[in-house]
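Student: Could you walk me through this one? I'd like to start with what the word for burial means here, and then go residue by residue.

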Amino acid sequence: MQDGEGAGGVQVGQHGRVGAWGGEGVTGTEKDGKRTVLADGHYATNDVVYAIDGSIYFSSIASTRGSAAIHQITRNGEVRVASRDCEQPGGVALAPNQQKL
């Protein structure tokens, strides 16, 4: 996504990183304007939420790694499946105490 092109939305994290999602992945833009691909190959990425531990959760309807899921991007950049409990997740949120997805 260049300059938000194809972005389905944006979210600002606690340290000022702007996360954008849509199309086939999630990107992060730092305060200095540097853009990084955080996760790619995830189709119909449609929501992102930052956790207080620095990780990012996002929902996608399908990916090159399997079917629909809620994914987590850990602080060290690893992308893993956090939940497959939803057939077609249309969003993601964390409880105020961050204990439930």
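Tutor: Let me fix the terms before anything else: a residue is called buried under 20% relative accessible area, exposed over 50%, and partly exposed in between. Please also keep in mind that this is a predicted model.

Student: OK, then where does Q98 fall, buried or exposed or partly exposed?

Tutor: Q98 has a relative accessible area of 24%, and because partly exposed covers the range between the two cut-offs, Q98 is partly exposed. Its place is in the segment after β8, the strand that spans 79-83, and Q98 has a positive phi of about 65 degrees although it is not a glycine.

Student: Let's zoom out, what are the secondary structure elements of the chain?

Tutor: The chain has eight strands and zero helices, so that from the N terminus on the elements read β-β-β-β-β-β-β-β. Of the 101 residues in the chain, 39% are buried.

Student: And how much accessible surface does the chain have?

Tutor: The accessible surface comes to about 5,900 Å², and carbon and sulfur atoms account for 47% of it.

Student: Which residues make up the largest nonpolar core?

Tutor: That core has eight residues, namely V26, L38, A39, V48, Y50, I56, F58 and I73. The elements that contribute two or more residues to this core are β4 (35-40), β5 (42-50) and β6 (56-63). There is also a second, separate core of six residues, and V49, A51, Y57 and V92 are among them.

Student: Back to the largest core, what does I73 touch, apart from its neighbours within four places in sequence?

Tutor: With those neighbours left aside, I73 is in contact with V26, L38, A39, S55, I56, F58, E78 and V79.

Student: V26 keeps coming up; what stands opposite V26 in β4?

Tutor: The residue opposite V26 in β4 is A39, and both V26 and A39 belong to the largest nonpolar core. Strand β3, which covers residues 25-29, pairs with β4 in the antiparallel sense over five bridges. These two strands form a hairpin with five residues between them, and in the turn G33 has a positive phi of about 90 degrees.

Student: Now β6: S60 and I61 are both there, so how exposed is each?

Tutor: S60 is buried, with a relative accessible area of 0%, whereas I61 is partly exposed at 34%. As general background, side chains in a regular strand alternate between the two faces of the sheet.

Student: What does the side chain of S60 pair with in a polar contact?

Tutor: The side chain of S60 is joined to the side chain of H71 by a polar contact of 3.2 Å. As for I61, its C-alpha atom is separated by 7.8 Å from that of G90, which lies 29 residues away along the chain.

Student: Last topic, where is R75 found?

Tutor: R75 is found in the loop between β7 (66-73) and β8, where R75 is exposed, with a relative accessible area of 69%.

Student: And what is R75 in contact with, leaving aside its neighbours within four places in sequence?

Tutor: Those contacts are with D53, G54 and S55. The side chain of R75 reaches the backbone oxygen of D53 at 3.1 Å, while R75 and G54, 21 residues apart in sequence, are 5.6 Å apart in space from C-alpha to C-alpha.

Notes: Residues numbered from 1 in each chain as written. Predicted model: local features only at pLDDT ≥ 70, side-chain atom pairs only at ≥ 80, totals over all residues. Heavy atoms only, no water. Core = buried A, V, L, I, M, F, W, Y, C linked by side-chain atoms within 4.5 Å. Buried < 20%, exposed > 50% of the residue type's maximum accessible area, 1.4 Å probe, protein only. Helix = DSSP H or I, 4+ residues; strand = E, 2+ residues; numbered from the N terminus. Contact = heavy atoms within 4.5 Å. Pairing = 2+ DSSP bridges. Polar contact = N/O pair within 3.5 Å; in protein donor to acceptor, adjacent residues only side chain to side chain. Areas by Shrake-Rupley, 256 points an atom, 1.4 Å probe, with all protein chains shown as cover.
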